[in-house]
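Please work through the following exercises with the sequence and the model side by side, trying each task before reading its solution.

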Amino acid sequence: MQTIVLGGGCFWCLEAVFQRVTGVQQVVSGYAGGEVEDPSYYDVCNGSTGHAEVVEITYDESIISLRDILEVFFATHDPTTLNRQGNDRGTQYRSIVFYQSDSEKEVIGQVIKEQQNDFNDPIVTQVEPAVTFWRAEVNHQNYYNENPNQPYCQVVVASKLDKLNKFMAKQKAN
């Protein structure tokens, strides 16, 4: 099993997306990239800790590659908006990938270069060495599956799942 930590807006969105990807074994919502130890959701949301909302994805590389994970990531969020995804604004919503090795960093760089062709604006996704991942509070785990009727889930998370479905359909067609 391999792990990768990704941030691309609200962690509820990324969690819901990657829970539906074949080969992903576990998705945990949390925080990374800030200065405060064991931050709370409130602390991260007020923008004072420097953390991004992220997900830690555990995947079986015999089923899905890092490249495939990254392609799903770029297909389901906007990596060209700095510190923002839709109406979610602030550094906690930045697009970021935390790598664990030089070989991962190389793959990430290659995928970003390839993905740039699909966007009119420059990709601003940060690529940084892995740091401590802080697990989010229990009420933020499995959020969409537990709260599908919550308005944010019906509008924002559901739109990310639509993007995932369109991406997967396109992949099958190719």
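**Exercise 1. An aromatic pair and its helix**

Are F73 and F74 buried or exposed?

*Solution.* The model is a predicted one, in which local features need pLDDT of at least 70 and side-chain atom pairs count only at pLDDT 80 or more, while totals for chains, interfaces and linings use all residues. Residues are numbered from 1 along each chain as its sequence is written, and side-chain values use heavy atoms, with hydrogens and water left out.

Begin with the term itself: buried means under 20% relative accessible area, exposed means over 50%, and partly exposed lies in between, with a 1.4 Å probe and protein chains only. By this measure F73 is buried, and F74 is buried as well.

Next, consider the two rings. Rings of Phe, Tyr and Trp (its six-membered ring) pair if their centres lie within 6.5 Å, and planes under 30 degrees apart count as stacked, over 60 as edge-to-face and the rest as tilted. By this rule there are 5 aromatic pairs. F73 and F74 form an edge-to-face pair, with 5.1 Å from centre to centre and 65° between the planes. Elsewhere, F11, Y31 and Y41 form one aromatic cluster.

Finally, place the pair in its helix, where helices (H or I, at least four residues) and strands (E, at least two) are DSSP runs numbered from the N terminus. The buried residues of α3 include F73 and F74, along with L66, I69, L70, E71, V72 and T76. Because 8 of the 11 residues of α3 are buried, this helix is largely enclosed by the rest of the structure.

**Exercise 2. The nonpolar cores**

Find which residues have the most contacts inside the largest nonpolar core, and which helix gives the most to this core.

*Solution.* A nonpolar core is a set of buried Ala, Val, Leu, Ile, Met, Phe, Trp, Tyr and Cys residues joined through side-chain atoms within 4.5 Å. The largest such core has 41 residues, and those with the most contacts inside it are L6, F18, I57, I69 and V157. Helix α1 (residues 11-18) is the element that gives the most to this core, with 7 residues.

Then follow F18, using contact in the sense of heavy atoms within 4.5 Å. Leaving out residues up to four places away in sequence, F18 touches L6, V24, V27, I57, I69, V72 and F73. A second, separate core has 8 residues, among them V5, A52, I96 and F98. As background, nonpolar side chains tend to be buried together in soluble globular proteins.

**Exercise 3. The sheet and strand β6**

Work out the strand order of the open sheet, and then describe how β6 pairs with β1 and with β7.

*Solution.* Two strands pair if DSSP finds at least two bridges between them. The open sheet has 6 strands in the order β7-β6-β1-β3-β2-β8, with mixed pairing. Its edge strands, each pairing on one side only, are β7 (126-129) and β8 (134-135).

Turning to β6 (residues 95-99), this strand pairs with β7 in the parallel sense over 4 bridges, and with β1 in the antiparallel sense, also over 4 bridges. On the β7 side, F98 has E128 as its bridge partner, and V97 has V127. On the other side, S95 in β6 stands opposite G8.

Now look at the side chains of β6: S95, V97 and Y99 point one way, whereas I96 and F98 point the other way, and all are buried.

**Exercise 4. Two loop residues with positive phi**

Which phi value does N83 have, and which does N142 have?

*Solution.* Most residues other than glycine have a negative phi. N83 has a positive phi near 55°, and phi of N142 is likewise near 55°. N83 lies in the loop between α3 and β4 (84-85), while N142 lies in the loop between β8 and α5 (143-146). N83 counts as partly exposed because its relative accessibility is 21%, and N142 is partly exposed with a relative accessible area of 25%.

**Exercise 5. A contact across the sequence**

How far apart are G23 and Y59 in sequence and in space?

*Solution.* G23 is in the loop between α1 and β2, and at 7% relative accessibility G23 counts as buried. G23 and Y59 are 36 residues apart in sequence, yet 5.6 Å apart in space from C-alpha to C-alpha. Apart from neighbours within four places in sequence, G23 is in contact with T58, Y59, D60, I63 and I64.
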